[in-house]
Each structure stands twice: as C-alpha cells, then as structure tokens.
Amino acid sequence: MASALISRSSRRFLKPCSSSVSLYPAIFNPVISSQQSASQNPSQNPPFKLPQLQSFNFEFRKTTGSLSSFHLVAHVSTWPSKENKNHQSGGNVSSSWVELYLPRKVQPYARLARLDKPIGTWLLLWPCMWSITLAATPGHLPDFKMLALFGCGALLLRGAGCTINDLLDRDIDTMVERTKLRPVASGLLTPFQGLCFLGFQLLLGLGILLQLNNYSRVLGASSLLLVFSYPLMKRFTFWPQAFLGLTFNWGALLGWAAIKGSLDPSIVLPLYASGVFWTLVYDTIYAHQDKEDDLKVGVKSTALRFGDSTKEWITGFGIACLGGLAVSGFNAEIDLFQISGLELSYLVEFWLEDFHPSGPSGYHPAY
C-alpha cells in the first residue's frame, strides 16, 4: 500500500510530455522578473478553460542551469494521445522510477516484471499478510521475518507471472492498444531473453520457498500450475478472472501453512474464497478497458460475459468477499473489532486500486 502511495506521489514530479503547456505566468521564479514573464508571447501560453480542468494532469519541472537562472515552473498537460504514447519507450504515459534510475539495458526487464507498476505486487501480498496475521499466536504480533519473506516472494512471483503472460500472449499483445508496447510484444526483448529472465526469477523464488517448512514448500510449488495456466484461460473461458483469483490468492493458504505447518480449512478456505471474489471485483472492472480489443482478437473475459449486468455481479462479489473475511475471522476466534479491521484493510486496498493514477484507464493491475 505504501509503495502505491509513493508511486502516486512520484508521478507528480515528472518531465512534461510533448502536449504540455506552461501556466501563465510561472508560479515561482525568484530571478526572472515579473516584466519578463509578462512579456512572454501570449500565444505560447493560452489561458486554460474551465471545462478542460478534469482532463488536466499537473506536472512540475525543475530546471537548473546555474545559480543565477534557477526557476521552478508549473505545467499543465492533457492526457497524452496515442502518438505521444507511441513516442515514449514502453508506452508509459509518464516516466517512472524505472526510466529515471535504472540502466537502459535493465529497463525492459524491469518493465517485463512490472516493477514500475507495484499495485499488482500488493494485490498478491495482501492475502499472504492476512493469513500470516490470522495464524499468529494470540496476543502476539505476526512474524515480521515471514512477512518480509512473503513480500519478496510476492514481488518475484508477480514478476514471473507477468513474464509468462507476456511470453504466451506476445502475438495477442501486438493487437491490443494497451499491451502492444510491452517489451516482448514490441521486440525490445526476444522470447529467449524473456525465458532466461523467467528462469532467473523462479530461481530466486525457489530460494525463498526453501526457507519455509516442507508442507509449505509443496503447497507453494503447486501454485506454479496456476501461474503457468492462467494466461491461457482467456482463450477457452469467459472466467479468466476467476482463475486469476485462484492464482493471486494462493498466499491465503500458504501464509497459514508457513506459520502452522498445516491448513485449517475452516479458516483458510473462507479467506481464500474471499480473495477470489475480491479479484473478480477489481479484475472485471479492469477487463472493461479491453472489451473492444478482446472482441477483435477473440479472447474472453467476465466483462464480456456480464455486459450491462456488471454492476450487479461485482456488487455480489464484493458482498461475498466481505462475508468470507467475516467467516474466516469468526472461525479464527478473533473479536468483532479485529474482523472489522481485516475488512477495512480490504476496503482501503480496493480504494487505492480503484483510484490509482494509472487505474482502470491506465493498466491492468495484475498482469
């Protein structure tokens, strides 16, 4: 959650895109006089119109030439057009920390693992944290070492899932507006390079898995069946979002097993089901952005299955999700206050997901 907030804040301090126009006059310029600002060509700084405010994205640029010319200028830009998106490498609307800080040769791999889009990692990690917390000894805090291990594991497994998805869908991705500039689909990386990177991520993930008990190792390794099969589901069923839920919420089972060495079905199964319903809610919403491309390509989704009834379906899924959390908490013998806190964490995370700067109009949260 913290990384999502940091990502949202960092997007405010970016280089302006090609469609940006400076505010008139500059907000802050301690050196350049107001006369200089007033003498600027008005045609280069048109006043903004009130009806356009909703489509504006505020960006700030700090340029430093010398101590005598330091100034800070505010910019306003509309959402980039398709041409502007294509002009930017990787199709990102604006620069992320990957483009700003990582070496150029590493950037395609980072984007392949979606390191610049951390919300998917949080979506994978939250069920793990719920399960680990429920399994903690009453009156004690959850195992922070285990939380850290699962945090690293979520980052690696989500990246591996994205890599598998891009390798299997590289032909489809080239025909979908949102995905055509992904590293493999665009040719920045070859399938062989993507496969080698996948092996590297799985090797690191194996190192984390080996630190768990034997029961958890078997349970964790079995999740790879879902990880590898999920990208193919949209070719055969209108419910790929349900398979994503089964995959992304496996940590609800694994977290408990890592602490207890076994599973308590009365606690972990309602928790797992709750996570699946949660995934159906947010991933159905996101599937609506690709409906036209999905029809053209010939793949399926719950967005196409539900159509105009989507609101009713996701309302039902949301109620089922909260109910599953309540049943799991009740069976774990935690009090009503703690159950409410568990459900509040779900609502906060869903709020962050729904209102993320690159939300439903920007990118798919998971893969």
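Arg114 sits in the loop that joins helix H5 (107-112) to helix H6 (119-135). The model is predicted. In this model, the phi angle of Arg114 is near 60°. That value is positive, and Arg114 is a residue other than glycine. The relative accessible area of Arg114 is 6%, so the residue counts as buried. The cut-off for buried is under 20%. Arg114 also takes part in a network of salt bridges. Its partners in the network are Asp166, Asp173 and Arg182.

The structure holds 10 salt bridges. One of them pairs Glu99 with Arg111. The closest N and O atoms of this pair are 3.8 Å apart. The bridge links distant parts of the chain. Glu99 belongs to helix H4 (residues 97-101), whereas Arg111 belongs to helix H5. The two residues are 12 residues apart. Arg111 has a relative accessibility of 6% and therefore counts as buried.

A further salt bridge joins Asp169 to Lys234. Here the closest N and O atoms are 2.5 Å apart. This pair, too, links distant parts of the chain, with the two positions 65 residues apart in numbering. Asp169 lies in the loop between helix H7 (144-168) and helix H8 (170-173). Lys234 lies in the loop between helix H11 (214-233) and helix H12 (240-248). Asp169 is buried, because its relative accessible area is 2%. Lys234 is buried as well, with a relative accessible area of 16%.

Glu177 and Lys180 form another salt bridge, and their closest N and O atoms are 3.2 Å apart. Glu177 has a relative accessibility of 32%, so this residue counts as partly exposed. Lys180 has a relative accessible area of 25% and is also partly exposed. Both values fall between the limits of 20% for buried and 50% for exposed.

Helix H14 covers residues 265-287, which makes 23 residues. At 1.5 Å a residue, a helix of this length should span 33 Å. The end C-alpha atoms of H14 are 31 Å apart, which agrees with the expected span. Of the 23 residues of H14, 17 are buried. The helix is therefore largely enclosed by the rest of the structure.

H14 packs with helix H17 (residues 310-331). Two packed helices are described by the angle between their axes and the distance between the axes. For H14 and H17, the angle is about 155° and the axes are 8 Å apart. The two helices are therefore roughly antiparallel, because the angle is over the cut-off of 145 degrees. H14 passes H17 in a left-handed crossing. On the H14 side, the contact includes Ser266, Ile267, Pro270, Leu271, Ser274, Phe277 and Trp278. Leu280, Val281, Thr284 and Ile285 of H14 also take part. On the H17 side, the contributing residues include Thr310, Ile314, Phe317, Gly318, Ala320 and Cys321. Gly324, Leu325, Val327, Ser328 and Asn331 of H17 contribute too. An α-helix has 3.6 residues a turn, so residues three or four places apart point the same way.

The protein as a whole contains 18 helices and 3 strands. Of its 367 residues, 45% count as buried. Contacts with a separation of 6 or more were also examined. Residues 24 or more positions apart account for 72% of these contacts.

Note on methods. Residues are numbered from 1 along each chain as its sequence is written. This is a predicted model: local features need pLDDT of at least 70, side-chain atom pairs count only at pLDDT 80 or more; totals for chains, interfaces and linings use all residues. Side-chain values use heavy atoms; hydrogens and water are left out. Helices (H or I, at least four residues) and strands (E, at least two) are DSSP runs, numbered from the N terminus. Buried means under 20% relative accessible area, exposed over 50%, partly exposed in between (1.4 Å probe, protein chains only). A salt bridge is a side-chain nitrogen of Lys or Arg within 4 Å of a carboxyl oxygen of Asp or Glu. The expected span of a helix is 1.5 Å times one less than its number of residues. Axes are lines fitted to C-alpha atoms, for helices over the stretch in contact, and angles run from 0 to 180 degrees between N-to-C directions. Angles under 35 degrees count as roughly parallel, over 145 as roughly antiparallel, 65 to 115 as roughly perpendicular and the rest as oblique. A crossing is left-handed if the near helix is turned anticlockwise from the far one by less than a right angle, and right-handed if clockwise. Contact means heavy atoms within 4.5 Å.
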